[in-house]
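Open the model in your viewer and keep the selection panel at hand. The stops below go one selection at a time.

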Amino acid sequence: MTKIHVTDASGAKHIVEAPNGDSLMSALLNAGIEGILADCGGGCACATCHCYIEGDGMDLVGEVNAIENVMLDSAATERRDNSRLSCQIDVSDALDGLQVTVAENA
Ligand code: FES
């Protein structure tokens with residue numbers, strides 16, 4: 001389990017125990033985090049799992065892939081330098097302590 005520090009879409013803070021090997025989206029969805037809709041089920045086709053990776057976390061979560069890059073441009077909320085689709089991030093020990101803010105995805 002990896003601890004992810006999450007600020008949800010309403011500004012509430014949570015610590016999510018995320019199973020290694022799951023996507024970050026799945027971990028947030030299963031924890032009932034407000035703002036994660038994941039309408040496409042993790043297929044990188046909806047951008048309703050948009051989140052912002054805080055601090056130096058972008059160094060830990062890997063690169064944005066080509067499809068994700070296109071989808072981020074169509075996200076309902078502003079794309080920023082630290083934008084990611086949480087379904088495209090795999091949870092591992094390396095992400096322990098990661099800080100994530102969920103975008104307004106509705
Ligand atoms: S769940 Fe649809 S793009 Fe991530």
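Select strands S1 (residues 2-7) and S2 (residues 13-18) in this predicted model. The two strands pair in the antiparallel sense, over six bridges. Find Thr 2 in S1 and look across: Ala 18 of S2 stands opposite.

Now move to the hairpin of S1 and S2. Five residues lie between the strands. Stop at Gly 11, where phi is positive, near 95°.

Next, show the side chains of S1. Which of them are buried? Thr 2, Ile 4 and Val 6 are, and they point to one face. Lys 3, His 5 and Thr 7 point to the other face and are not buried. The side chains alternate along the strand.

Keep S1 and add strand S5 (residues 98-102). How do S1 and S5 run relative to each other, parallel or antiparallel? They run parallel, joined by four bridges. Pick Ile 4 again: its bridge partner in S5 is Leu 98.

Ile 4 also leads into the core. The largest nonpolar core has 28 residues, and Ile 4 and Leu 28 are those with the most contacts inside it. Color by element to see the contributors: S1, S2, helix H1 (24-30), strand S3 (50-53) and S5 each supply at least two residues of this core. Which of the elements gives the most? H1 does, with four residues. In soluble globular proteins, nonpolar side chains tend to be buried together.

Center on Leu 28. What does Leu 28 touch, leaving out residues up to four places away in sequence? Select Val 6, Val 16, Ile 33, Ile 36 and Ser 86. Val 6 is a residue you have met before, on the buried face of S1.

Zoom out to the whole chain. Count two helices and five strands. Follow the sequence from start to end and the pattern reads β-β-α-β-α-β-β.

Switch to the C-alpha trace. Along its principal axes, the trace spans about 30 × 25 × 25 Å. Does that go with a compact globule or an extended chain? For 106 residues, a compact globule would have a radius of gyration near 13 Å; this chain has 12 Å, so the two agree.

Finish with two whole-chain displays. Color by burial: buried residues make up 36% of the 106. Then draw the contacts with a separation of 6 or more: 69% of them come from residues 24 or more positions apart.

Terms used. Residues numbered from 1 in each chain as written. Predicted model: local features only at pLDDT ≥ 70, side-chain atom pairs only at ≥ 80, totals over all residues. Buried ≥ 20, exposed ≤ 12 C-beta atoms within 10 Å, placed from the backbone. Pairing = 2+ DSSP bridges. Core = buried A, V, L, I, M, F, W, Y, C linked by C-beta atoms within 7 Å. Contact = placed C-beta atoms within 7 Å. Rg over C-alpha atoms; globule rule 2.2 N^0.38 Å.
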